[in-house]
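Thanks, everyone; I would like to walk through one model this morning, starting from a single residue and working inwards. Please have the sequence and the structure open while I talk.

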Amino acid sequence: MKKVGIFYGSESGNTQEVCKKIASELGDSAEIFDIAKVDKDTILGFENLIFASATYGSGDLQDDWEKALKNLNESDFSSKVVALVGVGDGDSYGDTFVESIYHLYQVVKSAKVVGRVSKEGYIFEESMAVDGEEFLGLAIDEENQSELTEGRVKAWVEQIRGEFI
Ligand SMILES: Cc1cc2nc3c(=O)[nH]c(=O)nc-3n(C[C@H](O)[C@H](O)[C@H](O)COP(=O)(O)O)c2cc1C
């Protein structure tokens with residue numbers, strides 16, 4: 001398997017911590033970057049990508065991702081495998097839960113997007129990040145279900161590992 005580039009946008013550290021866990025599960029094949037500190041060429045240099053963003057505003061991306069996407073919007077992801085992670089709060093923001101995943105998906109949908117997760121077990125009302133019975137990526141709720149994060153990360157990494165190039 002080629003290297004996996006993990007790119008995160010995080011305001012108060014939760015998404016960063018989740019990505020560190022993902023990187024540690026993936027082992028030597030993973031490299032982790034703060035999206036605020038990388039350029040487009042670094043991102044597009046990877047064939048295997050994990051994009052992770054906290055959710056802010058009303059179902060929006062974390063600010064650094066908003067800025068990064070201005071450069072990435074026209075990019076061709078069709079040769080890439082991409083997995084998405086959204087971090088949010090399903091209690092206080094139950095009608096826009098982890099919608100960061102939805103916005104990332106819009107940018108990379110020409111890629112082979114992997115790592116959908118069943119919505120079962122999450123506490124929320126609605127989310128544009130859900131398609132059918134599944135989130136379009138890994139949803140994490142550190143505010144209300146932090147005790148489930150480690151298990152969710154482990155199961156998800158096992159699920160996506162074999163999908164990478
Ligand atoms: C002003 C504000 C707006 C938020 N909006 C949403 C939202 O729309 N949907 C959601 O799921 N979480 C929302 N959240 C919750 C954060 O995504 C959550 O606290 C997350 O763990 C923060 O991750 P970070 O530490 O990586 O920045 C919001 C939090 C704040 C403070």
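Let me begin with Glu 47, which counts as partly exposed because it has 18 C-beta neighbours inside 10 Å; on this scale 20 or more other C-beta atoms within 10 Å, placed from the backbone, make a residue buried, 12 or fewer make it exposed, and partly exposed is what lies in between. Before going further I should say that this is a predicted model, in which local features need pLDDT of at least 70 and side-chain atom pairs count only at pLDDT 80 or more, while totals for chains, interfaces and linings use all residues. Residues are numbered from 1 along each chain as its sequence is written.

Glu 47 is found in the loop between helix H2 (40-44) and strand S3, where helices (H or I, at least four residues) and strands (E, at least two) are DSSP runs numbered from the N terminus. Leaving aside neighbours within four places in sequence, Glu 47 is in contact, meaning C-beta atoms placed from the backbone within 7 Å, with Lys 2, Ser 79, Lys 80, Val 81 and Ile 165. The C-alpha atoms of Glu 47 and Gly 5 are separated by 8.2 Å, although the two are 42 residues apart along the chain.

Val 81 takes us into strand S5, and here one may ask whether S5 is enclosed or not, and why. With 7 of its 7 residues buried, S5 is largely enclosed by the rest of the structure. Both faces are covered, with Val 81, Ala 83, Val 85 and Val 87 buried on one side and Val 82, Leu 84 and Gly 86 buried on the other. In general, side chains in a regular strand alternate between the two faces of the sheet.

As for its partners, S5 pairs with S3 in the parallel sense over 7 bridges, pairing here requiring at least two bridges found by DSSP, and within this pair Leu 84 is the bridge partner of Phe 51. S5 is also joined by 3 bridges to strand S6 (residues 112-114), again running parallel, with Val 114 in S6 as the bridge partner of Ala 83.

Leu 84 and Phe 51 return in the largest nonpolar core, where, of 51 residues, Ile 50, Phe 51, Val 82, Leu 84, Ile 101 and Ala 139 touch the most other members; such a core is a set of buried Ala, Val, Leu, Ile, Met, Phe, Trp, Tyr and Cys residues joined through C-beta atoms within 7 Å. Among the elements that give two or more residues to this core are strand S1 (4-9), S3, S5 and H4. Beyond four places in sequence, the residues that Leu 84 touches include Phe 51, Ile 101, Leu 104 and Tyr 105. Helix H4 (residues 100-108) is itself mostly covered, with 8 of its 9 residues buried, including Ile 101, Leu 104 and Tyr 105.

Turning to the ligand, which residues of the 22 around it come nearest? They are Glu 11, Asn 14, Thr 15, Ala 54 and Gly 88, a residue being near if its C-beta atom, placed from the backbone, lies within 6 Å. S3 gives the most to this shell, with 3 residues.

Lastly, there is an open sheet of 3 strands in the order S7-S9-S8, with antiparallel pairing. Strand S7 (117-118) and strand S8 (130-131) stand at its edges, each with a single partner strand, so one side of each is left without a neighbour in the sheet.

Definitions and conventions. Two residues are in contact if their C-beta atoms, placed from the backbone, lie within 7 Å.
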